[in-house]
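Colleague: I have the file open. Can you take me through it, starting with the terms?
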Amino acid sequence: MKATPDVSETPTASGLDGLVVAHTALSDVDGEQGRLVIRGYAVEDLVARATFEDVCGLMWDGAFPPAEAREKMRAALARAREQAFALVPGLGDALDAADGMEALRAATGHVRATGDATDRVQLTGAIGVFAAAWAGKQAGHAPVAPSPSLSHAADILRMIDDAAASPARVKALDAYLCCVVDHGMNASTFTARVVASTGSDLVSAVVAAIGALKGPLHGGAPGPVLDMLDAIGTRERARPWLEGEINARRRIMGMGHRIYRVRDPRAAALERAASEFEQSGAATDRLTMARHVEREAEQLLAERHPDRPLKANVEFYTAVLLEAAGIPRTSFSPMFAASRVAGWCAHVEEQRQVGRLIRPASKYVGP
Ligand SMILES: CC(C)(COP(=O)(O)OP(=O)(O)OC[C@H]1O[C@@H](n2cnc3c(N)ncnc32)[C@H](O)[C@@H]1OP(=O)(O)O)[C@@H](O)C(=O)NCCC(=O)NCCS
């Protein structure tokens, strides 16, 4: 019997990390400077000034929608939510899945692709509705019909809670949705582009991307960040708790990034949004505690890995902001998908313009 060939060297030793697989006009991640530019705008500006509807216009049409088009986008998304809600009775047991991303993957497969530009609006509306319906079911109530007069963020919160959300919560969720809409050639975006490159339809590309985002190495850290803050409990316990984890060679959730060598700019943008939420009068001590834990973790990781900067990533303050917005932690990944779907759709369109099959090679090491 021959020894099993070693394929573990593949990802980094062969130089696949950082390999350019597409030219894109959608977003750029500068890991050294800690900058994320989306269609020419710094991510922190989008989070501070835009709504999710604006960002959809930016991603899909390349510019912020003017006032009239803004209303049109809001109405189109509202219509898409209503059409998606009409699919809910026919989703079978999709929304009964114990995992929100599994529910989303199964439910999204029910959207019918038409092949024209309405598909992206349809899918963006649908993921918001299905994510909210799943969260609502977890909370013990039947899926709540969307309201056409609300913004996407406000309606998602209302469908989750079966009650209107405060303006501060809506602003918090909207800030999050604007922040994570796109991030270079991440795993789920690449997945969507590979599917699109075969000539397949947008629904297939988005379902595949949901599958990629479901993995804990991609979209799954903010829930564990809250678990960590809960486990630490008090300021005094932060340092010994973190030391214990690092000594046991476990990873500190929400810290470190494959690309960023400085603090993830999205962490700063979301921290600011969480701080604004607190200033609106709805203060909790979560943010103060999170900042303290971040400082301690950064210091300890710098001592342990002096050559490898490990700073807060997007997930750290996603946890704080989404909790403030009233999103249950089991729904953090579905909320990620509710935003990123707009980015996936833009990438699929861009990939279609390239019109070439993505077909990388592998190196044979077998017998
Ligand atoms: C995001 C992440 C997967 C990037 O990993 P990566 O680029 O593959 O990093 P590496 O595996 O090269 O890590 C280099 C070293 O830093 C350590 N390290 C990296 N992130 C760490 C963390 N969050 N906590 C503790 N140690 C960490 C690794 O253990 C490794 O140490 P070693 O060389 O002694 O084995 C990683 O930082 C991580 O697991 N973070 C926590 C999970 C998380 O927040 N994910 C969301 C990302 S947006």
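Modeller: A polar contact is a pair of N or O atoms within 3.5 Å; within protein, one must be able to donate a hydrogen and the other to accept it, and residues adjacent in sequence count only if both atoms are side-chain atoms. Keep in mind that this is a predicted model.

Colleague: How many residue pairs are in polar contact across the interface of domain 1 and domain 2?
Modeller: The rule finds 4 such pairs there, with both residues at pLDDT 80 or more. On the domain 1 side, the elements that give two or more residues are strand S1 (27-30), S2, helix H2 (43-49), H8 and helix H16 (332-354).

Colleague: Which of them gives the most?
Modeller: H8, with 8 residues. The residues on that side of domain 1 divide into 14 nonpolar, 6 polar and 7 charged.

Colleague: And how many salt bridges cross the interface?
Modeller: The rule finds 1 between domain 1 and domain 2. The side chains of lysine 171 and glutamate 276 meet in a salt bridge, at 3.1 Å from N to O.

Colleague: How much area do the two domains bury between them?
Modeller: About 1,900 Å², 74% of it on carbon and sulfur atoms.

Colleague: New topic. What is the phi of arginine 39?
Modeller: About 50 degrees, so a positive value, although arginine 39 is not a glycine. Most residues other than glycine have a negative phi. Arginine 39 sits in the loop between strand S2 (35-38) and strand S3 (41-42).

Colleague: Why does arginine 39 count as partly exposed?
Modeller: Because its relative accessibility is 24%, and partly exposed lies between under 20% for buried and over 50% for exposed.

Note on methods:
Residues numbered from 1 in each chain as written. Predicted model: local features only at pLDDT ≥ 70, side-chain atom pairs only at ≥ 80, totals over all residues. Heavy atoms only, no water. Helix = DSSP H or I, 4+ residues; strand = E, 2+ residues; numbered from the N terminus. Buried < 20%, exposed > 50% of the residue type's maximum accessible area, 1.4 Å probe, protein only. Buried area = accessible area lost by both parts, 1.4 Å probe. Salt bridge = Lys/Arg side-chain N within 4 Å of Asp/Glu carboxyl O. Nonpolar A, V, L, I, M, F, W, Y, C, P; charged D, E, K, R; others polar.
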